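Hi everyone, thanks for making time. I'd like to walk you through a structure that is new to most of you, so have a look at it first and then we'll go through it together.

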Amino acid sequence: MNTNLNAFFESLSSAYKERNLDTIFDLHHPDNVLFNAGKEQLRTVLSSYTLEANFEDIKILQEDDNISVVRLSQKTKKVKGPDFKDNIIDMVMVLKQHNDNFKILSSASISTDFI
């Protein structure tokens with residue numbers, strides 16, 4: 001797989017575990033309107049929880065010069081905080097280059113399994 005994509009998902013995973021909102025926000029493309037509308041909700045969630053988010057089984061479905069469409073599994077487990085259902089989300093994510101780095105343009109869940 002593209003080493004830039006590996007680095008991207010490692011950064012995203014670390015940012016969730018460290019509750020680093022600046023990095024999480026920075027890893028989303030400025031044109032990601034849905035994410036921009038939900039920033040406060042994420043801020044609220046991460047103020048109550050420490051989560052471990054791992055991105056696995058990453059498969060590139062389509063790729064060109066500045067966009068990659070990938071299918072992956074996001075496994076989210078609670079490290080600390082109130083009741084939470086650990087889960088695995090099968091999703092498709094569209095990543096678009098912005099300032100020479102991949103950023104999340106959009107994502108769509110296919111299914112969610114609670115573990």
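Let's start at Leu95. Leaving out residues up to four places away in sequence, Leu95 touches Leu5, Phe8 and Phe9. On that same list of contacts are Asn66, Ile67, Ser68 and Val70, and then Phe102, Lys103, Ile104 and Leu105. Before I go on, please keep in mind that this is a predicted model.

So where does Leu95 belong? Leu95 and Phe9 are the residues with the most contacts inside the largest nonpolar core, which has 26 residues. Which elements give two or more residues to this core? They are α1, α2 (21-26), α4 (39-48), β1, β2 (67-80), β3 (87-98) and β4 (101-114). And α1 gives the most, with six residues.

Now the sheet. Four strands make an open sheet, in the order β1-β2-β3-β4, and the pairing is antiparallel. Which strands stand at the edges? β1 and β4 do, and each has a single partner strand, so one side of each is left without a neighbour in the sheet. If you ignore direction, neighbouring strands are turned by 25 degrees against each other on average. The helix α1 packs on this sheet and touches β1, β2, β3 and β4. Its direction makes about 160 degrees with that of β1.

Let's go through the pairing step by step. β2 and β3 are joined by 10 bridges and run antiparallel. If you want places to click on, Val70 stands opposite Met93 in β3, and Lys75 stands opposite Ile88 in β3. The hairpin of β2 and β3 has six residues between the strands, and Gly81 there takes a positive phi near 135 degrees.

Next along are β3 and β4, again antiparallel, joined by 12 bridges. Asp90 has Ser111 in β4 as its bridge partner. And we meet Ile88 again here: its bridge partner in β4 is Asp113. So Ile88 has Lys75 opposite it and Asp113 as its partner in β4. How many residues lie between the strands in the hairpin of β3 and β4? Two, and in this hairpin Asn99 takes a positive phi near 55 degrees.

Okay, back to the core and its rings. There are four aromatic pairs in the structure. One of them is Phe8 with Phe9, an edge-to-face pair with 5.0 Å centre to centre and 85 degrees between the planes. Are these two buried or exposed? Phe8 has 4% relative accessibility, so it counts as buried. Phe9 has a relative accessible area of 3%, so it is buried as well.

Phe9 also pairs with Phe55, and this pair is tilted: the centres are 5.4 Å apart, with 40 degrees between the planes. What does that pair tie together? Phe9 lies in helix α1 (residues 3-18) and Phe55 in strand β1 (residues 50-63), so the pair links parts that are 46 residues apart in sequence. Phe55 is buried, as Phe9 is. Put the three together and you get one aromatic cluster: Phe8, Phe9 and Phe55.

There's another residue of helix α1 I'd like you to find, and that's Ser13. Ser13 has a relative accessible area of 16%, and the cut-off for buried is under 20%, so Ser13 is buried. Not counting residues up to four places away in sequence, Ser13 touches Ala53, Asn54 and Phe55. So Phe55 turns up twice, as a contact of Ser13 and as a ring partner of Phe9.

Last stop, two lysines with rings. The charged end of Lys39 sits over the ring of Phe25, 4.9 Å from its centre. The charged end of Lys85 does likewise with Phe114, sitting over the ring at 5.4 Å from its centre.

If you remember one picture, take this one: α1 packs on the sheet, and Phe9 and Leu95 have the most contacts inside the largest nonpolar core. That's it from me, over to you.

Definitions and conventions
Residues numbered from 1 in each chain as written. Predicted model: local features only at pLDDT ≥ 70, side-chain atom pairs only at ≥ 80, totals over all residues. Heavy atoms only, no water. Phe/Tyr/Trp six-rings, centres within 6.5 Å; stacked < 30°, edge-to-face > 60°. Buried < 20%, exposed > 50% of the residue type's maximum accessible area, 1.4 Å probe, protein only. Lys NZ or Arg CZ within 6 Å of the ring centre and 35° of its normal. Core = buried A, V, L, I, M, F, W, Y, C linked by side-chain atoms within 4.5 Å. Contact = heavy atoms within 4.5 Å. Pairing = 2+ DSSP bridges. Axes fitted to C-alpha atoms, helices over the stretch in contact; angles between N-to-C directions.
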